[in-house]
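Work through the exercises below with the sequence and the model side by side. Try each task before reading its solution.

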Amino acid sequence: MDLEQEIINVIRDELALGERADGFNAFTALDDIPEFDSMSVTTLITALEEKYDCTFENDETSAEIFHNIRSLTKFVESKLR
């Protein structure tokens with residue numbers, strides 16, 4: 001499974017989206033998901049930090065990272081290098 005799909009799965013699980021996430025792809029805008037709010041950002045950051053054993057510093061996280069699944073995937077990739 002590729003990183004992008006893993007991140008989609010994390011989003012599905014953490015936001016309890018179920019089958020609604022089946023059609024998500026790289027260009028799915030996170031702010032188009034009704035459940036995606038400021039609390040969701042914190043939830044996703046925590047889940048991704050735990051899953052990939054990395055740390056997202058406060059000064060690194062911005063709205064641009066959470067624009068869509070691709071931008072979030074690229075950010076996570078940068079943390080894994």
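**Exercise 1: a residue after helix 2**

Asp53 lies in the loop between helix 2 and helix 3. The model is a predicted one.

Task: State whether Asp53 is buried or exposed, and what is notable about its phi.

Solution. Step 1: take the relative accessibility of Asp53, which is 72%. Step 2: compare this value with the cut-off, since exposed means over 50%. Asp53 therefore counts as exposed. Step 3: look at the backbone, where Asp53 has a positive phi of about 50 degrees although it is not a glycine.

**Exercise 2: a residue after helix 1**

Task: Find where Ala16 is placed, and describe its phi and its exposure.

Solution. Step 1: locate Ala16 in the loop between helix 1 and helix 2. Step 2: read its phi, which is positive at about 50 degrees, although Ala16 is not a glycine. Step 3: its relative accessible area is 66%, so Ala16 is exposed.

**Exercise 3: a partly exposed loop residue**

Task: Classify Glu57 by its accessibility and give the separation of its C-alpha atom from that of Ile45.

Solution. Step 1: Glu57 belongs to the loop between helix 2 and helix 3. Step 2: its relative accessibility is 40%. Buried means under 20% and exposed over 50%, with partly exposed in between, so Glu57 counts as partly exposed. Step 3: Glu57 and Ile45 are 12 residues apart along the chain, and their C-alpha atoms are separated by 10.0 Å.

**Exercise 4: two buried loop residues**

Task: For Phe36 and Thr28, give the burial and the residues touched, leaving out those up to four places away in sequence.

Solution. Step 1: Phe36 is found in the loop between helix 1 and helix 2, and Thr28 lies in the loop between helix 1 and helix 2. Step 2: Phe36 has a relative accessible area of 15% and is therefore buried. Thr28, at 15% relative accessibility, also counts as buried. Step 3: not counting residues up to four places away in sequence, Phe36 touches Leu15, Leu30, Asp31, Val41, Leu44 and Phe66. On the same count, Thr28 touches Gly23, His67, Asn68 and Ile69. Step 4: for a distance along the chain, take Phe36 and Glu50, which are 14 residues apart and have C-alpha atoms separated by 19 Å.

**Exercise 5: the packing of two helices**

Task: Describe how helix 1 and helix 2 are arranged and which residues make the contact.

Solution. Step 1: the two helices pack at an angle of about 130 degrees, with their axes 10 Å apart. Step 2: helix 1 and helix 2 are therefore oblique to each other. Step 3: their crossing is right-handed. Step 4: helix 1 contributes Leu3, Glu6, Ile7, Val10, Ile11 and Glu14 to the contact, while helix 2 contributes Thr43, Leu44, Ala47, Leu48, Lys51 and Tyr52. Step 5: sorted by class, this contact has eight nonpolar, one polar and three charged residues.

**Exercise 6: the nonpolar core**

Task: Give the number of residues in the largest nonpolar core, the helices that supply it and the contacts of Leu72.

Solution. Step 1: the largest nonpolar core has 25 residues, and those with the most contacts inside it are Ile11 and Leu72. Step 2: at least two residues of this core come from each of helix 1 (3–14), helix 2 (38–52) and helix 3 (69–80). Step 3: apart from neighbours within four places in sequence, Leu72 is in contact with Ile7, Ile11, Leu30, Leu48, Ile65 and Phe66.

Conventions:
Residues numbered from 1 in each chain as written. Predicted model: local features only at pLDDT ≥ 70, side-chain atom pairs only at ≥ 80, totals over all residues. Heavy atoms only, no water. Core = buried A, V, L, I, M, F, W, Y, C linked by side-chain atoms within 4.5 Å. Buried < 20%, exposed > 50% of the residue type's maximum accessible area, 1.4 Å probe, protein only. Helix = DSSP H or I, 4+ residues; strand = E, 2+ residues; numbered from the N terminus. Contact = heavy atoms within 4.5 Å. Axes fitted to C-alpha atoms, helices over the stretch in contact; angles between N-to-C directions. Parallel < 35°, antiparallel > 145°, perpendicular 65-115°, else oblique. Left-handed = near helix turned anticlockwise from the far one by under 90°. Nonpolar A, V, L, I, M, F, W, Y, C, P; charged D, E, K, R; others polar.
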